[in-house]
Structures are given as C-alpha cells and as structure tokens.
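Let's take a friendly tour of the empty spaces inside a protein and of the residues around them. Have the model open as you read.

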Amino acid sequence: MRCRSAVLLLSAALAASLLSVPAEATPPSDAHASATSRPVSVGPQYDTTHVYVTPGSLQTFVTSWESTFGGTNTAAVLTDVTPTPSRTLSELVLSPVGTLSVFDFRTPIPHPFGVERNGWLTTDLDTAVKSALSAGADVEVAPFDDPIGRDAVIEFPGGIHTQLYWHTTPPHYAALATVPENRLYVSPYAASAFLRSYLRFTRGHITSDQRRADGAAIGLPGTTYRRTAIDSGFGKTVVTVTDGHLPYPFGREQTGYAVSDLAATLAKARAAGATVLWGPITAQGRHSALVRFPGGYIAEIHDTAPH
C-alpha cells in the first residue's frame, strides 16, 4: 500500500518523508523486456515493506525497530490511504536495512489491502500497470489517486500481491546500507507461472537456484526444498517453493534483513521488546533467525558474512 508512504511524506512535510527453476521459467527475453520502453523500477530504498501492526501498537513497533536497526521515521498521521473510505495511523520508517510503511488501522481495512507485501516506486504508473498485465499479472486494484501521486495493486501468479506507486514529485531517500530480501512462498504448481511473470515484470535475473536447499533455513532440518534468489531493480527476492507444510512462523515473514553481526542485532531486538521465534541457525551459508517485533510484524534477520 505504497500510497500510504506517499501520504506519510506529505503529511510530515505539512506538519514540520522463487525443485529448481523449471526450464520454461527463464529470465525475460528481449521481446518480453520490450513490454515497456524503459525499466519502471527506481531503487530498493524506495520499495517499502508494508507493516500492518495490531491496533494501538504503532509507536511501540517503531521504537523497537529503530532500537534494533537504527533509522528515522516521519510523524504519525491519521489519514485515509485507500481508494475507499478508511482511517489509519501511519508512519514511514527509513532504516539502513530497509524502508517500511507502517499502518495502525482504526477502521476495518478495505479489501484487498493488507495482503500486499510491499510497495514499489515506479517511474510511470500507467506504464508499470501495462507491463504487469503484459507479464501475466492481474491488476487487483486499478490505479487511484493519492495526495502526491497515484497507486495500484497487482497480483502475480501464485497469489503474490504488490502495490505500485508513483509520485508527482520524485522522493529522495538515502541509499540502504544493505538491501533487504522480499521473501516469497509459492507452491510447486504455481512456481513456473510465477517466475515467468515476476522475472518479466521486474526485468530480474536469477542469481542462484538451489534444487536441494537445506530445510533448516525454513524450520525443517533434515529436509530439502527449492530456493531461488533473484536480483532486479526492485531489489532482492528469495522465492521458497514448498508443499506448504511449514512450521510457524515460516511463511509469515515478509522480508529478510542483512546485518553485520546477527548475535548483536538479536540482543538489541530482545532488549527492545522483540521475540526470537526461530534460531539462530546456520543454513545456506549464513546465520539467520526469525523475530517478531511488537505489533506482530515477523522478520527474517541474517548476517552478511559467509559461513
């Protein structure tokens, strides 16, 4: 629901900012890439994870997050960020490990908002929507206006939702210290269609495809699963292909965050009221853990050093 971040920036200013890849699921061809005349991505610091906290916990979440990772936030504002009437208390968090749009809804959340995992800034929303349709995605929420731009929600095969947005005046955020991973879970039945669509739209490329990745990384030690990593102008993506027999909380985490010292980061998180739900464990050549922050947001955190 990237429009929410747009509204946050406006309000703050007014107040004082993918088993292995199947053979048929290849990176986009030149013909596919011509769906648009130019890339529609801007940069990973402009692609926010959408965090819907339990009512009343916005400030507790933001304080816990910033105590763990650092960063700054806009002032909380009560606003309507959907194309139909609703009210949410909202903040934008700019942290060195990733940008978050945080929503504390005071009214029922209009369908389908709340299912989108993140919001991606685009160079042109109409071009982005056409590109999404050409890539086999659905436009679940048609473009709508917000106070400083326009937004839409698309759905990739496999039920993966993303919000696209565009600003009348381009925002300017500092580059990230580390680029977070958009962590997606799909079934083997949807994986081929998802990858074709996702790679075509993002103009991404597969950086690794592990047919027998260590299941310990998803709470299933002694098993294997398929893990595919993608890079694109929208940042990093890790696609987990499973039968859905996952222990809690795997599949609930939206984003993976890279830090230089996992143990120190987990200590900070605990001190700030977060709970380590799984790990730390070593798998895929790195240490990782899953953490629940106040307000219910679950994140994967991993270190940047190879092991």
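This report goes through two cavities and then two pockets. Please keep in mind that the model is predicted.

| Space | Volume |
|---|---|
| Largest cavity | about 160 Å³ |
| Second largest cavity | about 90 Å³ |
| Largest pocket | about 340 Å³ |
| Second largest pocket | about 270 Å³ |

**The cavities**

Let's begin with the largest cavity, which holds about 160 Å³ of space. Its lining is made of 19 residues, and those closest to the centre are Asp47, Asn118, Pro180, Asn182 and Phe234. Several strands take part: strand 1 (48-52), strand 5 (98-105), strand 6 (118-121), strand 10 (181-186) and strand 13 (235-241) are the elements that each give two or more residues. Strand 13 gives the most, with three residues. Sorted by class, this lining has ten polar, six nonpolar and three charged residues.

The second largest cavity encloses about 90 Å³. You can pick out its lining in full: Arg183, Ala217, Ile218, Tyr225, Arg227, Val238, Thr240, Ala283, Gln284, Arg286, Ser288 and Glu300. Here the elements with two or more lining residues are strand 12 (224-232), strand 13 and strand 16 (286-292). The classes come to five nonpolar, four charged and three polar residues.

**The pockets**

Now for the open spaces. The largest pocket has a volume of about 340 Å³. Among its 22 lining residues, Glu181, Arg227, Lys236, Arg286 and His302 are the closest to the centre. Two or more lining residues come from each of strand 11 (205-214), strand 12, strand 13 and strand 17 (298-303). Strand 12 supplies the largest share, four residues. By class, the lining divides into nine polar, seven nonpolar and six charged residues.

Two of the names should look familiar: Arg227 and Arg286 belong to the lining of the second largest cavity, and both are also listed among the residues closest to the centre of the largest pocket.

The second largest pocket, at about 270 Å³, has 15 lining residues, with His50, Tyr52, Gly114, Arg252 and Gln254 nearest its centre. Which strand gives the largest share of this lining? That is strand 1, with three residues. Six nonpolar, five polar and four charged residues make up the lining.

Strand 1 is worth a second look, since this strand also gives two or more residues to the lining of the largest cavity.

Methods:
Residues numbered from 1 in each chain as written. Predicted model: local features only at pLDDT ≥ 70, side-chain atom pairs only at ≥ 80, totals over all residues. Heavy atoms only, no water. 1 Å grid on protein atoms, 1.4 Å probe; cavity = no way out; pocket = protein on both sides within 12 Å on 5 of 7 lines; lining within 4 Å. Points joined across faces, edges and corners; volume = space filled by probe spheres on them. Nonpolar A, V, L, I, M, F, W, Y, C, P; charged D, E, K, R; others polar.
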